[in-house]
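Reader: Before I set up any calculation, I would like to go through this model with you, one question at a time. Could you show me the sequence and the structure?

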Amino acid sequence: RALELLLRRHGPSLSPHRLELLSTLPGTLSPSIYAHLLPTPKPFPLSNPPRTRDWAECPAACEALRAMLQHSPGRNEEDAGAGFGAQQLAKSTEHLVKELGSTPPEALTPDELVTWYKSQVLRIDDETGLLDFCLELAQIAVSKGFEQLQPLAQDVLCLQEAVH
């Protein structure tokens with residue numbers, strides 16, 4: 001539940017790390033428990049539910065950050081490695097992405113997501129040997145629209161039947 005709250009509340013700033021976060025879930029945890037968090041071929045929604053704005057989202061704070069952006073290291077390409085400046089802050093603070101016109105992180109391609117799903121099925125098998133969970137994850141991926149994973153699901157099913 002904690003990971004779900006983090007992804008829902010901080011979706012834009014966690015988006016580049018979403019698959020890494022999902023990869024930390026233990027292989028002994030049934031994929032059906034976190035299926036709603038797994039990626040689909042369509043980008044994960046980055047919008048947050050309506051809530052009261054906090055002090056950092058007020059117009060004065062946004063104006064102050066906008067002024068910092070104009071005079072900060074990292075503004076030019078040659079300064080990009082100059083440390084964590086206002087540009088990086090604006091890109092990692094979800095409410096400022098929209099407010100200051102920064103671009104949100106790019107979504108992963110379906111092929112990259114298929115590769116991630118395959119690696120997770122193999123990780124679960126390597127770490128736990130629980131073919132039921134490997135099959136469950138592969139089937140969830142197929143049901144989410146990753147038809148390329150159907151042969152993997154079939155292979156896991158055949159292996160599971162051979163073992164049992």
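**Core, helices and charges**

Author: In this predicted model, the largest nonpolar core has 28 residues, and those that touch the most other members are Leu22, Leu38, Tyr117, Phe146 and Leu149. Helices H1 (2–9), H3 (18–23), H7 (110–128), H8 (131–143) and H9 (150–163) each supply at least two residues of this core.

Reader: Which helix gives the largest share of this core?

Author: Several helices contribute at least two residues each, among them H7 and H9. The largest share, 9 residues, comes from H8.

Reader: With which residues is Tyr117 in contact, once its neighbours within four places in sequence are left aside?

Author: Tyr117 is one of the core residues that touch the most other members. Leaving aside its neighbours within four places in sequence, the contacts of Tyr117 are Leu38, Pro39, Leu137, Ala141, Lys144, Phe146 and Leu149.

Reader: What is the overall make-up of the protein chain in helices and strands?

Author: From the N terminus on, the elements run α-α-α-α-α-α-α-α-α, and buried residues make up 34% of the 164 residues in the chain. Among contacts with a separation of 6 or more, 62% are between residues 24 or more positions apart. The count of elements is 9 helices and 0 strands.

Reader: How do the buried residues of H9 lie around its axis, and within what arc?

Author: The end C-alpha atoms of H9 are 20 Å apart, which agrees with the 20 Å that its 14 residues should span at 1.5 Å a residue. Ala153, Val156 and Gln160 are buried in H9, and their cover includes H7 and H8, while the face turned away from the buried side carries the exposed residues Asp155, Glu161 and Ala162. Seen down the axis, the buried residues line one face of H9, because they fall within an arc of 65°.

Reader: Is Gln160 buried or exposed, and with what relative accessible area?

Author: Gln160 belongs to helix H9 and, leaving aside its neighbours within four places in sequence, is in contact with Leu131, Asp132 and Leu135. Because the cut-off for buried is under 20% relative accessible area, Gln160 counts as buried, at 12%.

Reader: Which residues of H4 are buried?

Author: Helix H4, residues 59–70, has 12 residues and reaches 17 Å from its first C-alpha to its last, close to the 16 Å expected at 1.5 Å a residue. The buried residues of H4 are Cys62, Leu65 and Leu69. They line one face of the helix, since seen down the axis of H4 its buried residues fall within an arc of 65°.

Reader: Which residues form a salt bridge, and how far apart are the closest N and O atoms?

Author: The count comes to 1 salt bridge, and its partners, Glu127 and Arg123, are separated by about one helical turn because they are 4 residues apart in helix H7. Glu127 is exposed at 52% relative accessibility, whereas Arg123 is buried with a relative accessible area of 16%. The bridge joins Glu127 to Arg123, with the closest N and O atoms at 3.1 Å.

Reader: How many disulfides does the structure hold?

Author: Cys134 counts as buried, at 1% relative accessibility, whereas Cys158 is partly exposed, with a relative accessible area of 48%. A disulfide would need a pair of cysteine sulfur atoms within 2.5 Å, and the number of disulfides in the structure is 0.

Conventions:
Residues are numbered from 1 along each chain as its sequence is written. This is a predicted model: local features need pLDDT of at least 70, side-chain atom pairs count only at pLDDT 80 or more; totals for chains, interfaces and linings use all residues. Side-chain values use heavy atoms; hydrogens and water are left out. A nonpolar core is a set of buried Ala, Val, Leu, Ile, Met, Phe, Trp, Tyr and Cys residues joined through side-chain atoms within 4.5 Å. Buried means under 20% relative accessible area, exposed over 50%, partly exposed in between (1.4 Å probe, protein chains only). Contact means heavy atoms within 4.5 Å. The expected span of a helix is 1.5 Å times one less than its number of residues. The arc is that of the directions from the helix axis to the C-beta atoms. A salt bridge is a side-chain nitrogen of Lys or Arg within 4 Å of a carboxyl oxygen of Asp or Glu.
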